[in-house]
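I opened the notebook with the model on screen. These entries follow the order in which I looked things up.

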Amino acid sequence: MSPARPRATLVVAWMIGNLAAALPPPVYLALGTAAPVLPGLPGSIVYFPVLGLSIVLCLLAAYRDDEKRGYFATCRLPERRGDEPPAPP
Amino acid sequence: MGIAFGIVGVFCAGLVVLLQASYRKDRSFSDYAVGGRSYGAWLQSMSFLNSWWPGGILLSLTGMALGSGVVAFYMPIYSLLTVLLMYLMARRVWLWGAANDLKTQADLLRLRYDSTALAVTSSVISVLSIMPWLVLGFKGLGAMFSALSMGRLTPGQSVACGVALILVRQVWTIRMGMRGLVISDMYQGIVAYVGGTALILGLIAWMAGQGLSPSRLPAHMLRVPGVGGDGGGPLTLFSMILTGTLGGWCWPPIFVRLYTADSVRSMLRAGVFSAPLSMLFSMALVVMGLMAAALPGLHGEADMAWFEVARLAAGPVGLGLAGTVMLAATMGGVDAIIQAMGTQVANDIVGAGRTLPYRTSILTAKGTMVVATALAAGIACLPIAHLSMLALLSYQGIIQVAVAQYGGLFWRRGTATAGIAGMVAGFATAILLETFFHGAAAHVGGLSSGVIGLAVNAATYVALSLLAPHTAPETHRVARLFAGADTSRRDTAPPIALAQGDAA
């Protein structure tokens, strides 16, 4: 079976971007503030839901990419040869 | 009161009918422990949600948002990052699991490190760490009965009612094992997370109609800790999110979900497809808590805001719906914990390093489940003041399994001795800091005891692995093990089987 192509660079970058937006203190300290970024909406109320949405969309994109590149077809146990014993219980 | 309990009763009746109709005899311990690895994505999704979001979240997350503000968003964020982490480890975990009939987290550690001692150490830490969450689950049900009875039941009576309900429910959990758990998770999940999200959005709409808005909260509630010197240091949120993200897969009842899937595709599909509902449910819950902060009289009992807002909005019907959602969410979490404890004790502690006969395994698992349920129920009926602190401490403890677990999955040089030493050092560090130096976090930029323990753990693990590396045969065995996970990609030799006995 041919190996699947690597995960799309955009998807990998998106995953790293989400981690970079969630974990480093300079990011959340800058964005998670009370100052309004939209009329009536504090920065923190925008930052967290947008980050959450980004992670969800990234996951969907990663799954779709995995389907397209045939990744799941490679995630199976190999066929056992006739002369080999089964794995112990 | 009758209306509220009546709505809950309808939910319970539906669950009993479903479980009775779904009963099927297990053919093996693997069937009992992981449901024969036969569950597709939809069942997996609901099962994952039911384990991930226990009913107590409806109280604690709402209460946290009401009392502490936007910092409560940390929980939805780390919950989603946990799914992202699953993408990195799903393939290897599932393939090793399927090839070697792994049933638990400890099985994986035993396979990877060829060490029963390490597997038993992690199992003991897990069982100890998760017990407070079981007790909190029972106490949450007590809160439900107290709220639905509108104060007519005393706190002790309320907890006893909640415990009794779960004990009756356990008849099916103990009888049916993982199969019963997954089937009931589906029903409970739809009620708790689909129905629950609808209820939360309805309550938000009601509060918006009353003129309430999170944007009107005081500034300190609308900024993250560390900004302007409020409520922690600059590393507080980092600690909270990191602990949750890494610790998520360290919980045995969560980890075992990886082994109930019928394929890697189902596993990832379940995570991905549950993510939107998980996000909507949890973020809406935080927004609800933020808006409820403006309602008079809730700050004194912030943890009861879930029921109080529902009562204010829709009277006994609102209470009944809120109680039903909570019960549905709690049952799944409690079931998962009890099931995991039973399997762990039978498979990882009593059965450590040997294969127990099927009947012995089942009896040991079921016996453990009975004892754990009774013990947690008894403790939940006691007026324990600091159980919440125990639960928080337990989270700082369970993440100490993370280094050995993720290190074992991604780094071939990690050794069993290093894993054990790291876990013990990290766990001891976290407990010492929490017990004797509570509040010291402010002096290290807001880092939690768990993260500091994790650093000690990781440093110990890496140092010992490099200073006392694998023997040549062990290096070869680990290389073959890792190659086995790539076998289906490269179509070479089949994966190595789990070695019997302890070679460490």
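Which residues of α3(A) meet which residues of α12(B)? I first noted the ground rules. The model is predicted: local features need pLDDT of at least 70, side-chain atom pairs count only at pLDDT 80 or more, and totals for chains, interfaces and linings use all residues. Residues are numbered from 1 along each chain as its sequence is written, with chains lettered from A and ligands numbered from 1 in the order in which they are written.

**Entry: the contact between the chains**

I listed A:Pro49, A:Gly52, A:Val56, A:Leu59, A:Leu60 and A:Tyr63 on the α3(A) side. They meet B:Leu268, B:Arg269, B:Val272, B:Ala275, B:Pro276, B:Met279 and B:Met283 of α12(B). Contact here is C-beta to C-beta within 7 Å, with C-beta atoms placed from the backbone. By class I find 11 nonpolar, 1 polar and 1 charged. Nonpolar takes in Ala, Val, Leu, Ile, Met, Phe, Trp, Tyr, Cys and Pro; charged is Asp, Glu, Lys and Arg; the others, Gly among them, are polar.

I then looked at the geometry. Helix α3 of chain A spans residues 43-68 and packs on α12(B) at about 165 degrees, axes 9 Å apart. Axes are lines fitted to C-alpha atoms, for helices over the stretch in contact, and angles run from 0 to 180 degrees between N-to-C directions. The two helices are therefore roughly antiparallel. My classes: under 35 degrees roughly parallel, over 145 roughly antiparallel, 65 to 115 roughly perpendicular, the rest oblique. The crossing is left-handed. That word applies if the near helix is turned anticlockwise from the far one by less than a right angle; clockwise gives right-handed.

**Entry: the two chains**

Chain A has 3 helices and 2 strands. I read its order from the N terminus as α-α-β-β-α. Chain B has 20 helices and 0 strands. Both kinds of element are DSSP runs numbered from the N terminus: H or I over at least four residues for helices, E over at least two for strands.

I looked up burial next. Of the 89 residues in chain A, 28% are buried. For the 504 residues of chain B the value is 62%. Buried needs 20 or more other C-beta atoms within 10 Å, exposed 12 or fewer, partly exposed lies in between.

I also took contacts between residues at least 6 apart in sequence. In chain A, 54% of them join residues at least 24 apart. In chain B, 82% do.

**Entry: along α12(B)**

Is B:Leu277 buried or partly exposed? B:Leu277 sits in helix α12 of chain B. It counts as partly exposed, because 19 C-beta neighbours lie inside 10 Å. Setting aside residues up to four places away in sequence, I see B:Leu277 touch B:Leu49, B:Tyr193 and B:Thr197. Its C-alpha is 9.8 Å from that of B:Ser45, 232 residues apart along the chain.

B:Val287 is in α12 of chain B as well. B:Val287 is buried, with 25 other C-beta atoms within 10 Å. Beyond four places in sequence, it touches B:Ile204 and B:Pro214. I get 9.3 Å from B:Val287 to B:Gly69, C-alpha to C-alpha, across 218 residues of sequence.

**Entry: α4(B) on α12(B)**

Helix α4 of chain B (residues 56-68) packs on helix α12 (residues 264-292) at about 50 degrees, axes 7 Å apart. The pair is therefore oblique. The crossing is right-handed. Among the residues in contact I marked B:Leu61 and B:Met64 of α4(B), and B:Val286 and B:Gly289 of α12(B). The class split is 10 nonpolar, 4 polar and no charged.

What does B:Ala72 contact, leaving aside neighbours within four places in sequence? I find B:Leu61, B:Met64, B:Ala65, B:Val286 and B:Gly289.

**Entry: the core**

The largest nonpolar core holds 181 residues. Such a core is a set of buried Ala, Val, Leu, Ile, Met, Phe, Trp, Tyr and Cys residues joined through C-beta atoms within 7 Å. B:Ala72 and B:Met288 are among those with the most contacts inside it. Helix α13 of chain B (residues 305-350) gives this core its largest share, 23 residues.

Note on methods:
Contact = placed C-beta atoms within 7 Å.
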